[in-house]
Amino acid sequence: MSTTKYRLPRRVVQIATLLMISLIPALGIFQIDLASASFHVLDHQIWWSNSAFIFGMAIVLTTVPIVTYMTIGAVWCGWACPQNLLSEWANKLTYKFLGKRADVRVDGKGMVVAAAKNRAANWLILGTIFLLASLILALVPILLFLPRGDVWDFITFNASQKVSDTVSYLYFFMVFLIFIDIAFVRYFFCDYACFYRIGHMLFKTRDALHVTYDASRSADCAKCNYCATTCITAIEPTEIKIEDPCIGCGECIDACDQIHEISGTAGLLRFETGKKGSDTTWKQKLGEMFSRLNWMIGAIFISGWVMMAWGIAMREPVRTPMSPAELQNIQRVTRACNSQCASEIASCKDANVAGCYRASACKCDCSMQQDPNNPAIGAWRQCVKKYTELAGKLGSQDTDR
């Protein structure tokens, strides 16, 4: 049995999740366009006015945490969350350059640094590594909010001044935030700012996937505290309480297995769901987890995805931008018709509604003359007929009076 059976798979899942989150905006799978108040899903533009898509997405985002609370517990935090991956990585680098018990976090014990490693060179190397990581990771959020072409032009120094300024402001702001997060915030964000983590702490249950201690074999426990020293969240794995911030990473299980492998016995820690015994297979555990999933929550979750799909299918078509030649033609026709219909336009004032109708009819008639090949000529013809008739009716009423 491998003594690190969870560490390698966990690292693979964490890195794969980070890559997936990075590729989602980079490949155009999902982006947020603040300028046009819309989303881009698989390069399809979804307006924020698309109520089916918006409500569906809100339902999915609300129910996903509830579904995971009821099934896999905090495994998302320990096995997939990029914040946790970066925090672990930053901690290891801090221990390497500033000492095994170094602590520079906001919620730590203060500025704790080993005297032998408290040198300017170590601080400079550590800060440089964090800065380089921030420069790379900051590309992900700007890809989420800005067009990929603009970001690529910025990276390759081919962007126009206006585009370069826009991307630069957002990019360096993100670099600053990510650097502060990696260097000093780390798990403070998880404990006090992450809505998923706070929700899990409030609603978690022993029925979800969790770490258990085999108290019946307590005599085999060497009280070495190796499981506690490897715990990412600094809790006591042999006495995990419901309020403890365990993230289900499995590091303590690997540590205990490693110690007991010497004597050829199994460790005292393991993953469990509900109240099943140690002989339960993973297939049975998964079946038990999903059997506890409330049917109503599941139905709401599925309905959210259906609403999103419906919103995408029924989205409003995106108008193709006009070419410079088309814009110039519109400007030409507008100038000509404003000149030709100047008297009618001038009569459209005060309470002279008939004059306004005549002005509209004149402009439509002029547009047909100036641009006879325009696809809108049918609408213009109807415009002339409609407003001429309305102007005539109002004129006859005024005459009768």
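**Exercise 1. Find out whether Arg10 is buried or exposed, then trace its salt bridge to Glu251.**

*Solution.* Start with accessibility: Arg10 is buried, because its relative accessible area is 0% (buried means under 20%, exposed over 50%, partly exposed in between, with a 1.4 Å probe and protein chains only). This is a predicted model, in which local features need pLDDT of at least 70 and side-chain atom pairs pLDDT 80 or more, while totals for chains, interfaces and linings use all residues. Residues are numbered from 1 along each chain as its sequence is written, and side-chain values use heavy atoms, with hydrogens and water left out.

Next, look at the partner. Arg10 and Glu251 meet through their side chains in a salt bridge of 3.0 Å, N to O (a side-chain nitrogen of Lys or Arg within 4 Å of a carboxyl oxygen of Asp or Glu). This pair links distant parts of the chain, with Glu251 in helix H12 and Arg10 in helix H1, 241 residues apart (helices are DSSP runs of H or I with at least four residues, strands are E runs of at least two, and both are numbered from the N terminus).

**Exercise 2. Which other salt bridge does Glu251 make with its side chain, and how do the two partners differ in accessibility?**

*Solution.* The side chain of Glu251 also meets that of Arg7, at 2.8 Å, N to O. Glu251 lies in helix H12 (residues 251-261) and Arg7 in helix H1, so this salt bridge ties together parts 244 residues apart in sequence. Now compare the ends: Glu251 is buried at 6% relative accessible area, whereas Arg7 is partly exposed at 37%.

**Exercise 3. Place Asp371 and describe the surroundings of its side chain.**

*Solution.* First, locate Asp371 in the loop between helix H17 (353-370) and helix H18 (377-400). Then check its charge partners: Asp371 is buried yet has no salt bridge, and the nearest side chain of opposite charge, Arg332, is 5.1 Å away (Lys and Arg count as positive, Asp and Glu as negative; His and the chain ends are not counted). Finally, its side chain does make a polar contact with that of Asn374, at 2.9 Å (N or O atoms within 3.5 Å, one able to donate a hydrogen and the other to accept it within protein; residues adjacent in sequence count only if both atoms are side-chain atoms).

**Exercise 4. Where is Phe157, and what is the sign of its phi?**

*Solution.* Phe157 sits in the loop between helix H7 (148-155) and helix H8 (161-185). Its phi is positive, about 60°, although Phe157 is not a glycine. Most residues other than glycine have a negative phi. Phe157 is exposed, because its relative accessibility is 77%.
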